[in-house]
Each structure stands twice: as structure tokens, then as C-alpha cells.
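Hello,

Here is the structure I promised to pass on. My notes follow below it.

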Amino acid sequence: YISWRTCSSSASSCSSESPAADICAFSEAIAHYDRLVQCGSLRKDAQQRDVFQQLAQLQHSLKNYSNSIYLNPPPPRLNSIDDNSHFPKDKHPHITPAENGGGSTAKEEPAPPPPSPKGFYIYGDVGTGKTMLMDMFYSRVENTRKKRVHFNGFMLDIHKRIHRRKQSLPKRRLGKMFTYDPISPVAMEISNETCLLCFDEFQVTDIADAMILKQLFETLFKTGVVVVATSNRSPDDLYKNGLQRDTFLPFIDVLKEYCHTICLDSGIDYRRLDKAAAGKLFYLTEEPDAEAFLDVLFEELALRQKSVTGPRLLTVLGRDVTLEKTCGSIADCTFDELCGRPLGASDYLEMARLFDTVFIRRVPMLTLTLKDQARRFTTLIDNFYDNKVRVVLLAAAPIDRLFVHTGGEDERDRQLLDDLGLSGV
């Protein structure tokens with residue numbers, strides 16, 4: 001799905017002033033998709049085309065859209081029933097409406113603004129083209145106040161903003177207690193910055209995220225922010241088997257109210273169809289000379305770098321994370337180095353920013369006894385994939401047999417199995 005960006009398309013001949021501009025813009029978007037199919041950049045897929053049609057309608061709605069009316073609603077207007085009603089009340093506190101000739105002053109509530117455009121929550125199996133369609137939609141939205149982000153990165157930014165607001169509060173004095181809820185103000189910050197948010201890989205695995213999502217997104221939606229998101233799971237399955245899930249469930253209702261839910265699941269993983277073009281990037285530990293081959297591959301790539309091979313110190317949220325073997329934009333790591341210590345999405349996002357190729361050696365068979373490492377490995381791959389980082393693996397088993405799913409006795413086991421799309425046996 002990389003080549004869809006490079007396939008040429010003819011310019012639309014419709015004027016934006018034309019009465020038929022709405023129909024023309026919609027038709028041009030669909031024609032663009034059809035051209036990508038015709039030139040071989042995309043494979044024909046009726047489900048994808050149907051989803052893109054719906055996104056194209058939203059695309060046009062957002063062309064001149066602004067959420068400012070939801071951020072700054074007009075004040076109530078004063079309706080004067082007679083000429084005497086304009087006297088300021090503070091100058092005539094003793095005059096009643098009856099004494100004032102029967103006149104009265106009433107506040108007329110302004111008409112509520114029209115509903116904001118409804119977003120989309122697109123879910124389905126991996127490799128079905130959800131991200132590709134969202135990116136095509138995003139690239140064609142003619143509105144500068146838009147943002148596209150991986151959901152992990154978005155939530156990291158939210159927690160940073162919350163932390164910054166808490167740090168800016170005056171220090172509490174002895175015996176003086178006060179409460180401060182920064183979630184709605186942070187949501188207002190986001191609403192003032194953007195009117196369209198596109199999320200890739202919408203998922204909830206962290207209880208700290210789960211507890212704030214309803215309030216956060218309710219404020220975003222009510223201030224006119226339109227959300228388009230992709231996910232591997234339906235809204236009803238978000239945070240399934242998570243801790244204190246009952247308190248999370250109201251968020252699902254909010255999400256459904258403001259977003260159309262679409263299942264995109266053609267049963268085809270398009271990533272696997274194109275994997276030959278990427279070359280071999282997965283090696284088994286038991287293969288003869290596999291480790292030596294990775295050494296040679298690293299050295300070949302390192303020769304193209306304007307740097308020397310050595311350790312690299314990363315600073316993430318005030319913490320130091322050291323990778324022992326790097327060269328320019330290449331990192332050569334072990335599984336234990338990346339997943340065996342307490343790292344998270346913020347660390348992997350920083351790595352994705354610095355490196356375009358990452359070797360991961362000695363990936364073991366993942367069992368429920370390694371649930372923390374398995375969770376980190378999943379987060380790592382999600383973030384590397386979203387940031388187009390090439391990953392070269394040396395693992396103890398083929399990808400489809402890398403995780404051995406036995407057990408599932410406790411809640412954390414069940415949550416991990418569910419996040420991986422597995423079931424205990």
C-alpha cells in the first residue's frame with residue numbers, strides 16, 4: 001500500500017463555486033480510488049471501496065468546517081418588549097416590570113449549533129487496508145486544522161499535558177486541600193488546536209488510559225472535534241477483560257454516539273501478499289549461520305551510514321535508555337534489551353524517530369510466563385509498523401507460532417490473550 005501515493009491522478013475540472021461541487025468532489029475521490037486499482041497500486045476490493053465512499057462524503061463536509069462555534073457559543077440575546085426595558089437594572093433596582101409599564105426583559109436562548117459531522121470507527125482484522133484508507137482520506141481533507149497520530153502517541157501527549165498542568169498549580173499549603181481535574185482543560189487545548197483527529201491502532205490496554213477516556217472524548221466531541229479511527233477490535237471489545245472495565249463501558253456509548261462504526265474485514269491480509277518485495281526479514285535461530293548472516297547484513301547497512309558503530313543514549317521523559325549497538329539510523333538489539341526491561345510506548349516512539357531499521361535478535365517463544373515482555377513486544381511492533389521502521393527478526397519460532405497460548409487462569413492472562421486475538425487452551 002505504499003505505491004498508492006505515487007500513482008498519478010488527473011486534476012478535477014469542477015469549480016468549488018459550482019452548484020454541483022459537492023457531487024463533483026465526491027465523484028473525484030471515488031475516481032481517484034478507482035484509478036489506483038486500475039494502475040495496479042491497489043487490488044480490487046468492494047469493501048474497501050464502500051468504506052472509502054463514506055469517508056469521501058466526510059472529506060467534503062470537512063473542507064470548510066470549523067469547530068469554533070462549539071468552542072465559543074454565542075451569548076444569549078436580550079429581547080426588549082417595550083422601549084423602557086433597556087434601562088440598566090443596577091440604575092433602577094426599585095422598578096419592577098409592572099411599574100415599568102408592563103415591560104419585561106427576557107433572555108432569548110440562541111439556537112443550538114447544528115450537530116458536528118459524525119466521524120468513523122473502522123475496525124477489522126490486520127492487513128485489510130484500514131490504515132491505508134484512513135491515510136488516503138486524511139491526505140485529501142482540505143482543512144489545515146487536522147492531525148493524524150498513532151493512538152499510543154496521542155495518549156502519551158495527553159498524559160504529558162496533564163502532568164504539565166498539575167506541575168503549574170500553586171503548591172498546597174499545610175492544611176489547605178483542593179482538587180483539580182485537568183482532563184477537560186486538556187481536551188479543550190486539543191479542541192482549540194484541531195477539528196479533525198485521525199487515530200491509527202485505537203486500543204486500550206492501560207488502566208490509566210481507560211479511566212480518563214470518557215471524560216476526555218466527551219469534551220472533544222462536544223467541542224466539535226471529528227474523530228476517524230482504525231482498530232483491530234470492535235468498540236464493544238475495547239479493553240475487554242481489563243481491570244475495572246465497568247467504569248470504562250460508558251466511553252463505548254459515547255464513541256458510538258459520535259462515530260459511525262464500520263467493519264472492514266475481507267479476510268485478506270494484503271501485507272502478506274506483498275511481503276516478497278520486502279526481502280527476507282525473519283530468521284530462525286535454528287537456521288545455520290543465521291546469526292552470522294544478520295552480522296553481515298548489519299555491516300552492509302552500516303557502511304552506508306555517516307557514523308561509527310557504538311552505543312547510543314536516548315533520553316525519554318527524563319529517563320536514560322541505552323542501546324548497546326547502533327550506527328546512524330540502524331539499531332542492532334536483543335529481545336531482552338528492548339522488551340526485558342520496563343520500557344513503554346514513549347521509548348519505542350523515540351526509537352522509531354531515530355532509527356529506520358532495527359534488528360531484534362534472540363526473540364524467544366512467548367508464553368504467559370513472559371506476559372510483560374509479550375505486551376512490550378506487541379507495543380513495540382505496533383509503533384514501529386506505524387512509523388514504517390523496517391524490523392529484522394531472529395526468533396526461536398516462525399511468526400505464526402511465536403506465541404504459545406496456554407493457561408489463561410488469571411485476569412491479566414485473559415487480557416493479554418484477548419489483546420493478541422487468542423484464547424486459552
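Thr194 is in contact (heavy atoms within 4.5 Å) with Asn67, Arg145, Lys146, Lys147 and Val225, leaving aside its neighbours within four places in sequence. Thr194 sits in the loop between H6 and E5. Helices (H or I, at least four residues) and strands (E, at least two) are DSSP runs, numbered from the N terminus. Thr194 counts as buried, at 4% relative accessibility. The cut-offs are under 20% relative accessible area for buried, over 50% for exposed, and partly exposed in between (1.4 Å probe, protein chains only). A polar atom of the Thr194 side chain lies 2.9 Å from the backbone oxygen of Leu196.

Before the rest, the ground rules. This is a predicted model: local features need pLDDT of at least 70, side-chain atom pairs count only at pLDDT 80 or more, and totals for chains, interfaces and linings use all residues. Residues are numbered from 1 along each chain as its sequence is written, and side-chain values use heavy atoms, with hydrogens and water left out.

Now the overall picture. The protein has 425 residues, and 42% of them count as buried. It has 15 helices and 13 strands. Among contacts with a separation of 6 or more, 77% are between residues 24 or more positions apart. The exposed surface is about 23100 Å², with 53% of it supplied by carbon and sulfur atoms. Those areas come from the Shrake-Rupley method with a 1.4 Å probe; for residues, only the protein chains shown count as cover.

Next, the cores. A nonpolar core here is a set of buried Ala, Val, Leu, Ile, Met, Phe, Trp, Tyr and Cys residues joined through side-chain atoms within 4.5 Å. The largest has 34 residues; Phe154, Phe199, Phe202, Leu216 and Phe217 touch the most other members. At least two residues of this core come from each of E3 (119-123), H5 (151-167), H6 (183-193), E5 (196-200), H8 (213-222), E6 (226-231) and H9 (249-258). Leaving aside neighbours within four places in sequence, Phe217 is in contact with Phe151, Phe154, Phe199, Phe202, Val227 and Phe251. Another core lies apart from that one. It has 33 residues, among them Cys333, Phe335, Val358 and Val389.

Helix H11 (residues 290-302) is worth a look. Its 13 residues reach 18 Å from first C-alpha to last, close to the 18 Å expected (1.5 Å times one less than the number of residues). The buried residues of H11 are Ala290, Leu294, Leu297, Phe298, Leu301 and Ala302. They fall within an arc of 135° seen down the axis, so they line one face of the helix. The arc is that of the directions from the helix axis to the C-beta atoms. These buried residues pack against strands E8 (282-284), E10 (319-327), E11 (330-334), E12 (357-363) and E13 (390-395).

Then Asp34, in helix H1 (residues 21-38). Asp34 is partly exposed, with a relative accessible area of 22%. Its side chain joins that of Arg49 in a polar contact of 2.8 Å. Such a contact is a pair of N or O atoms within 3.5 Å; within protein, one must be able to donate a hydrogen and the other to accept it, and residues adjacent in sequence count only if both atoms are side-chain atoms.

Last, two positive phi values in residues other than glycine. Tyr239 has phi near 55°. Tyr239 is in the loop between E6 and H9, and is buried at 2% relative accessible area. Leu317 has phi near 50°. Leu317 lies in the loop between E9 (310-316) and E10, and counts as exposed at 53% relative accessibility.

Best wishes
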